[in-house]
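Let's walk through this structure together, one region at a time. Keep the 3D view open as you read.

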Amino acid sequence: MSEPEDRRRMVRAPTSGDPAGRASADRLKSSRKHTASSQKWLERQLNDPYVQRAHAEGWRSRAAFKLMEIDDRFGLLRSGLRVIDLGAAPGGWVQVALKRGASAVAGVDLLPIDPIRGADLIEADFTTPGVGEQLLDLLGGPPDLVLSDMAHNTVGHRQTDHLKIVGLIEAAADFALANLKPGGGFVVKTFQGGAAGDILAHLKAGFTDVKHVKPKASRSDSSEVYLVATGCRVERGR
Ligand SMILES: C[S@@+](CC[C@H](N)C(=O)[O-])C[C@H]1O[C@@H](n2cnc3c(N)ncnc32)[C@H](O)[C@@H]1O
């Protein structure tokens with residue numbers, strides 16, 4: 001499962017290296033600061049074209065490219081939309097939503113997120129009662145789009161990790177279905193074998209279209225896939 005790798009896969013300028021910010025292989029090899037696994041992670045980061053592009057183009061995470069690909073295919077984002085982003089740190093998806101015209105974005109993460117102009121970002125556990133309402137208050141109206149890229153820290157115990165994955169997907173899906181404007185959209189990160197059939201059935205009942213998507217920017221060795229649900233059918237008389 002890839003989520004711990006993904007967790008802090010933000011784009012940071014290396015603190016050492018040549019003037020373009022690239023660390024030399026020798027320097028990497030000799031660094032005593034890195035454990036074997038963190039050195040492997042760093043090497044992969046430095047060789048990852050999406051990380052390089054994100055750094056060059058000013059996106060906070062390589063994850064930004066996943067949302068751009070999803071949006072290019074499904075046309076979810078446009079001017080004036082209100083967007084809620086669950087698991088928003090370090091902020092790549094928030095940047096994409098704003099860049100593509102969202103008029104209001106409210107985001108939450110367990111981790112602190114550096115401010116982004118035009119977005120209201122809070123540090124909290126989304127599954128804590130009241131956090132969803134706080135996001136809705138910050139947004140100033142019902143969302144047109146709910147995004148969830150939430151990924152928990154795996155503990156390495158298959159059943160426990162599965163329950164945690166399913167718990168986050170369910171929490172995000174319930175929130176989306178309870179609060180989206182009719183016609184709204186929902187994107188949620190899941191993992192192969194992660195979204196149980198009943199969640200899928202729940203989404204299929206609540207949206208006119210539900211698709212699994214594996215963006216090119218999602219690493220091929222990661223079991224991550226996204227569910228993209230469009231056309232929320234829930235009518236609430238708003
Ligand atoms: C893959 S990262 C999100 C990257 C983000 N989409 C971006 O573009 O920068 C997943 C995030 O989910 C957050 N997360 C996991 N469980 C959460 C929870 N219960 N509440 C809020 N955030 C959570 C993690 O802290 C982590 O920062």
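**From a buried serine to the ligand**

A polar atom in the side chain of S148 lies 3.4 Å from the backbone nitrogen of M150, which fits the definition of a polar contact (N or O atoms within 3.5 Å; within protein, one must be able to donate a hydrogen and the other to accept it, and residues adjacent in sequence count only if both atoms are side-chain atoms). Before going on, please note that this is a predicted model, in which local features need pLDDT of at least 70, side-chain atom pairs count only at pLDDT 80 or more, and totals for chains, interfaces and linings use all residues. Residues are numbered from 1 along each chain as its sequence is written, and side-chain values use heavy atoms, with hydrogens and water left out.

S148 belongs to strand β4, residues 145-148; strands here are DSSP runs of E with at least two residues, helices are runs of H or I with at least four, and both are numbered from the N terminus. Is S148 buried or exposed? S148 is buried, with a relative accessible area of 2%, where buried means under 20%, exposed over 50% and partly exposed in between (1.4 Å probe, protein chains only).

Strand β5 (residues 185-191) holds V188, another buried residue, at 1% relative accessibility. V188 and E170 are 18 residues apart in sequence, and their C-alpha atoms are 9.8 Å apart in space.

Now turn to the ligand. It is surrounded by 21 residues, the closest being S61, W93, D109, D125 and D149; a residue counts as near if one of its heavy atoms lies within 4 Å. This shell divides into 12 nonpolar, 4 polar and 5 charged residues, with Ala, Val, Leu, Ile, Met, Phe, Trp, Tyr, Cys and Pro counted as nonpolar, Asp, Glu, Lys and Arg as charged, and the others, Gly among them, as polar. Helices α1 (3-7) and α6 (92-99) each supply at least two residues of the shell.

Which atoms approach the ligand's nitrogen atoms? A polar side-chain atom of D125 lies 2.8 Å from a ligand nitrogen, and a backbone N or O atom of F126 lies 2.9 Å from a nitrogen atom of the ligand. On the oxygen side, a polar backbone atom of A151 is 3.4 Å from an oxygen atom of the ligand. Taken alone the ligand exposes 610 Å², and the protein buries 98% of that (Shrake-Rupley method, 1.4 Å probe).

Finally, look at the loop between β1 (82-86) and α6, where P90 lies. The peptide bond from A89 to P90 is cis, with omega near 0 degrees. In general, most peptide bonds are trans.
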